[in-house]
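Below is a short report on one protein model. It covers the overall fold first, then a few individual residues.

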Amino acid sequence: MTITWLGHSCFVLESGGFRVLLDPFRDVRGLADAALEADAVYCSHGHFDHAYTDQIRLTSGKENPFQVAEIPTFHDDQSGALRGGNTVRRFAAEGTRVVHAGDLGHQLSAGQLEAIGPCDVLLLPVGGTYTVDARTAKAVADALNPRVVVPMHYRKGGMGFDVLTTLEDFTSQYPPELVRTYPGSTLTAAPGMERQVAVLQAKLAL
């Protein structure tokens, strides 16, 4: 399975030629609005930076190889009173389980952790303000205990919302040898991957 980060919280998961698009966005500083072809689209919630599907071209006819589980959570730490709900999804294919946390705004309960189950790769917001902050993100990652954590939804240079914190606020909580910076935007996920925080590179708008 390949995991490609398009920036913000948007990823493409691909298995057997089937492309799943997660949380397509618009109007995120430094990034071109999401516009591509996919076989399926999943949005964690309805905000413009996670559910912009106007320029997504859906294909049809392929069998979805992903087993998908949906876990209701909240967009804030006040049971949704501030920003409503958020859906965490687990995608399983090729013996690998990828969890996309969307705009998770709180530490996970025991029941939510049980519902998510084993996790190999965790796509996790770390920038705070609208989601868990760097410290709580680390606690979420520790609780789920994935082999690979891929940070998302943060500010870096000219990318991302000004109110978000930087990637380093999150990665500085890990030993340097666990933080692996990739030259591109794609990670190949497979059983038995080396434990790491995988920093992918988003394609910035020109």
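The secondary structure of this predicted model comprises three helices and 14 strands. Both are DSSP runs numbered from the N terminus: helices are H or I with at least four residues, strands are E with at least two. The radius of gyration is 16 Å, close to the 17 Å that the globule rule gives for 206 residues, so the protein is as compact as a globular protein of that length. That radius is taken over C-alpha atoms, and the rule is 2.2 Å times the number of residues to the power 0.38. Along the principal axes, the C-alpha atoms fill a box of roughly 45 × 35 × 35 Å.

As for how the model was treated, it is predicted: local features need pLDDT of at least 70, side-chain atom pairs count only at pLDDT 80 or more, and totals for chains, interfaces and linings use all residues. Residues are numbered from 1 along each chain as its sequence is written, and side-chain values use heavy atoms, with hydrogens and water left out.

**Burial, contacts and charge**

Of the 206 residues, 51% count as buried. Buried means under 20% relative accessible area, exposed over 50%, and partly exposed in between (1.4 Å probe, protein chains only). The accessible surface comes to about 9100 Å², and carbon and sulfur atoms own 49% of that. These areas come from the Shrake-Rupley method with a 1.4 Å probe.

Take the contacts with a separation of 6 or more: 56% of them join residues 24 or more positions apart. A contact means heavy atoms within 4.5 Å.

There are 17 positive and 23 negative side chains. Lys and Arg count as positive, Asp and Glu as negative; His and the chain ends are not counted. The centres of the two sets lie 4 Å apart, with each charge placed at NZ of Lys, CZ of Arg, CG of Asp or CD of Glu.

**Three loop residues**

| Residue | Loop between | Relative accessibility |
|---|---|---|
| D27 | β3 (18-22) and β4 (37-38) | 47%, partly exposed |
| N145 | α2 (134-144) and β11 (148-152) | 47%, partly exposed |
| S185 | β12 (179-181) and β13 (186-188) | 23%, partly exposed |

D27 is not a glycine, yet its phi is positive, at about 60°. N145, also a residue other than glycine, has a positive phi near 55°.

Which residues does S185 touch, not counting those up to four places away in sequence? They are I3, T4, W5, L200 and Q201. S185 and T4 are 181 residues apart along the chain, while their C-alpha atoms are separated by 5.4 Å.
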